[in-house]
Amino acid sequence: MNRIFGIVLLLIGTTLNSWAQDKGIAYKIVGKDLYCSIDRSLPQSEIDSLLGTCEIDFSNLEAMLRSGESSADHWQVEAIEPHRIVLKKPLKSLTGKAGNQKDLIVLLNEEIESSVEDYRFGYNMFHKPAVIELENGLTRFFLKVEGGKPHSIYISGTFNEWSTSANPMEPCDSGYYVDLKLGVGPHYYKYIVNGYWLLDPRNQLKESDWEGNENSVYFKCNYTFRLKGYADANRVNLAGSFNDWNDDRFTLRKVTGGWQRQCYVKEGTHAYKYVVDGEWITDPDNPIVRDDGAGNKNSFMSVGDSIIFYYPRDLEAEYVILSGSFNGWNAEELRMQKTDSGWVLPYVLAAGNYEYRFRVSGKMEWQMDPLNPISSGPYETRNSVLSVKANHHFFFPRTRGVDEVIVTGDFNDWNEHGYYMERREDGWHADLYLPKGKTRYKFIVDGKWIKDPSNPLFEPNEYNDYNSVIWVK
């Protein structure tokens with residue numbers, strides 16, 4: 001199963017609360033269903049007891065899996081694996097159990113598991129061909145099944161919200177296949193053969209999930225690194241900011257005229273070099289080479305659309321350098337180009353919130369962006385804030401006597417100095433990028449922390465108070 005969100009359900013008046021805290025039991029929400037995973041290493045008596053609470057008999061598990069029938073308590077058997085039993089029920093079946101709906105609280109856990117979006121870089125490793133990209137843009141998954149014809153076989157993964165029935169596989173001469181439309185980037189998946197979840201036996205890439213199990217990982221690639229020549233080289237590796245400059249993992253393959261290999265690179269701007277038999281070199285076919293300020297030069301590539309950084313002042317300066325959280329605050333790397341009206345630099349950034357400043361020759365203090373009202377940090381070291389692909393508008397209404405409003409939360413590690421919102425006639429505004437899933441936040445109004453008065457969604461926190469909550473699909 002996938003790593004979506006772990007949850008703790010506090011259902012007043014039901015026994016579900018005790019399940020959520022028992023060893024060997026885990027819950028999560030996927031789409032409109034609640035999933036329950038029971039650890040099969042528990043004593044059989046405990047497993048029987050838990051299944052009995054769900055009004056399911058252990059001896060009927062496989063029959064329920066095949067038929068898809070539900071228990072009287074709405075639970076269905078989703079999968080039977082060597083290490084766990086997975087049950088599911090519709091979330092809507094929970095309503096009414098607590099009697100009074102005001103007594104029903106769903107409290108999501110503090111830690112949101114990492115997801116496929118965390119990958120900055122990736123590449124595929126198969127023992128034998130198992131996943132191929134077709135000319136029509138679809139991706140074909142192939143599975144060879146040993147030991148007879150299965151009565152059911154499906155593929156399940158992040159691309160179909162881990163559905164167990166959305167994508168059945170079709171037979172072919174040597175196995176089973178399914179064609180899927182995938183977006184660029186990483187995808188977790190497993191096969192379900194006769195109700196049992198299986199890793200892809202030909203795929204070397206595996207990722208642990210939130211329950212201690214593993215999923216196969218496939219990258220739909222979006223970039224090909226190529227190095228011409230070097231026919232006599234024994235090995236050519238790639239190292240860059242996207243893989244923490246690791247020089248011994250990603251090896252290019254020898255082809256006619258040089259070396260190349262496909263991979264996935266996350267949207268944004270990245271520094272890189274080739275390592276040819278141990279010697280680090282810039283890309284001879286890439287004219288974009290920058291000094292890192294430590295005497296080294298790196299090639300740069302980017303994926304995605306450019307934004308334009310613009311600084312409209314100090315045209316008499318010898319140089320202006322852009323520096324920010326997106327390049328480790330390197331003070332030498334990003335020299336801007338002078339124009340008749342100011343200094344400019346096109347740059348590609350992935351969706352996110354970034355802090356930045358300008359270093360102007362001859363000036364001791366770094367300059368904030370005079371055209372950007374959103375900022376972060378203590379007054380003496382405040383930075384401008386850029387939100388790329390902002391997807392949420394924060395608003396705090398005009399209030400008599402209020403001088404300053406800050407929004408802070410999971411998106412900036414609850415920094416008490418950010419982000420300072422823009423003051424307008426009707427109140428304070430800020431457009432920010434939020435990741436998928438749950439985001440908690442609060443406003444700091446003239447130093448006082450308060451939840452969003454216009455947002456009905458909130459949850460308790462460890463300070464005997466409440467945080468506002470936003471869900472991004």
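Me: Which strand gives the most to the lining of the second largest pocket?
Reply: Happy to help: this is a predicted model, where local features need pLDDT of at least 70, side-chain atom pairs count only at pLDDT 80 or more, and totals for chains, interfaces and linings use all residues. Residues are numbered from 1 along each chain as its sequence is written, and side-chain values use heavy atoms, without hydrogens or water. At least two lining residues come from each of β21 (268-276), β24 (297-303) and β29 (343-348), strands being DSSP E runs of at least two residues, numbered from the N terminus. With 5 residues, the top contributor is β21.

Me: How many residues of β18 are buried?
Reply: Buried means under 20% relative accessible area with a 1.4 Å probe, protein chains only. On one side of β18, V236, L238 and G240 are buried, and on the other N237 and A239 are too. For β18 (residues 236-240), that makes 5 of 5.

Me: Which residue in β21 stands opposite N237?
Reply: Strands pair if DSSP finds at least two bridges between them. β18 and β21 pair in the antiparallel sense, over 5 bridges. Opposite N237 in β21 stands V275.

Me: Which strands stand at the edges of the open sheet β25-β29-β28?
Reply: The 3 strands of this open sheet pair antiparallel, in the order β25-β29-β28. Two of them have a single partner strand each, so one side of each lacks a neighbour in the sheet: β25 (306-311) and β28 (337-338).

Me: Which residue in β29 is the bridge partner of Q337?
Reply: β28 and β29 run antiparallel, joined by 2 bridges. In β29, the partner of Q337 is V344.

How values were computed: Helices (H or I, at least four residues) and strands (E, at least two) are DSSP runs, numbered from the N terminus. Buried means under 20% relative accessible area, exposed over 50%, partly exposed in between (1.4 Å probe, protein chains only).
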